[in-house]
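Visitor: I would like a close look at one strand and the strands beside it. Please keep to what the model itself supports.

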Amino acid sequence: MFSTFPAAGSLFPELTRLQQQLEEFFQPAGVAGIRSLAWGAFPAVNVGSTTDSVEVIAFAPGIDPNEIEITVDRGLLSLSGERRGDPQGQQGANTYAQERFTGKFRRVISLPEDADPAKVEAKFRDGVLHVTLAKRESSKPRQISVS
Amino acid sequence: MSDNMNVTKTDRASNIPQTGRTQNTPRQALVPAVDIAESESGITLFADMPGVSKERLTIKVEGDNLMIEGHAQIDVPENIELLHSEVRSPYFRRSFTLSRDLDPAKIEATLRNGVLQMHIPKSEEARPKRIEVKVG
């Protein structure tokens, strides 16, 4: 999942990543920087594919798995829900940091064409939503024997 | 103050891939987003650490330095090819400097759905006190 090879994709995510890597490079390890993980959209999403499936990993900590709405429509996977603020945090007299996302979110992911919307499975563990879509039989690599 | 306190026990003997890491060889880690609020009783800290289970979370206090470190476990097939990636490292690490008013020996930590919640109480002397004024 976390390979060192550049992902196939558009240029802009790569530029953002480059920027992030530079920031990480110039920032001593473990020291809190101005920017934290909350630099992008919520939830952060990784998409990968294997010969049999398309895997979508959404990093959605602090969300009740029953409240995530997952829909697949015409090749678009949509994740939506709401992350509520922590009540104890609001009672505090002074707030020193408020970096974590709160509010409604919606993320739409364009699926590869060979993903089968009829075969979707979703799992949630430790704040990570893992959606697995099977690939269509016709798109799987086949070996053709010579008769 | 205690020198080295593990609030949550780390299970290093399990089959977690550990690459002989020590504190002196920091590896690329993400900085988790946090919310920090102070109340009369102490500091409450929330940190987003998706994918981190209790066994893979370490909380360390060394002197006035508090460090939280976690390793996210995401089960994906081995032959996966990454198409799009926003989270590039499964490691989270962040350090904080604790005020002297806080009592690191009484830190309480809970982890739920990938969110770490910590309560660091103030030491008795540092808590606000109400002084009754007697009418003489």
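Guide: What follows takes one strand of chain A and its partners, then turns to two residues of chain B for a look at burial. This is a predicted model, in which local features need pLDDT of at least 70 and side-chain atom pairs count only at pLDDT 80 or more, while totals for chains, interfaces and linings use all residues. Residues are numbered from 1 along each chain as its sequence is written, and chains are lettered from A and ligands numbered from 1 in the order in which they are written.

The secondary structure of chain A consists of two helices and eight strands (DSSP runs numbered from the N terminus: helices are H or I with at least four residues, strands are E with at least two). Along the sequence, these elements of chain A come in the order α-β-β-β-β-α-β-β-β-β.

The strand to look at is β8(A), residues 128-135. On one side of the account stands β2(A), residues 53-59, which pairs with β8(A) in the antiparallel sense over seven bridges; two strands pair if DSSP finds at least two bridges between them. Within this pairing, I57(A) has H130(A) as its bridge partner. The other partner to consider is β7(A), residues 115-125, which runs antiparallel to β8(A) and is joined to it by seven bridges. Here K123(A) is the residue opposite H130(A). H130(A) therefore appears in both pairings, with I57(A) and with K123(A). β7(A) and β8(A) also form a hairpin with two residues between them, and D126(A) in that turn has a positive phi of about 50°.

For chain A as a whole, 24% of its 147 residues count as buried (20 or more other C-beta atoms within 10 Å of the residue's own; exposed means 12 or fewer, partly exposed in between, with C-beta atoms placed from the backbone). Of the contacts in chain A between residues at least 6 apart in sequence, 53% join residues at least 24 apart; a contact means C-beta atoms, placed from the backbone, within 7 Å.

Chain B supplies an example of each burial class named next. I68(B), in strand β5(B) (residues 65-72), is buried because 25 other C-beta atoms lie within 10 Å. Leaving out residues up to four places away in sequence, I68(B) touches A47(B), I59(B), R94(B) and L116(B). A105(B) sits in the loop between β7(B) (91-97) and β8(B) (108-112), and counts as exposed because it has 11 C-beta neighbours inside 10 Å. From A105(B) to L83(B) is 22 residues in sequence and 45 Å in space, C-alpha to C-alpha.

Key: Contact = placed C-beta atoms within 7 Å.
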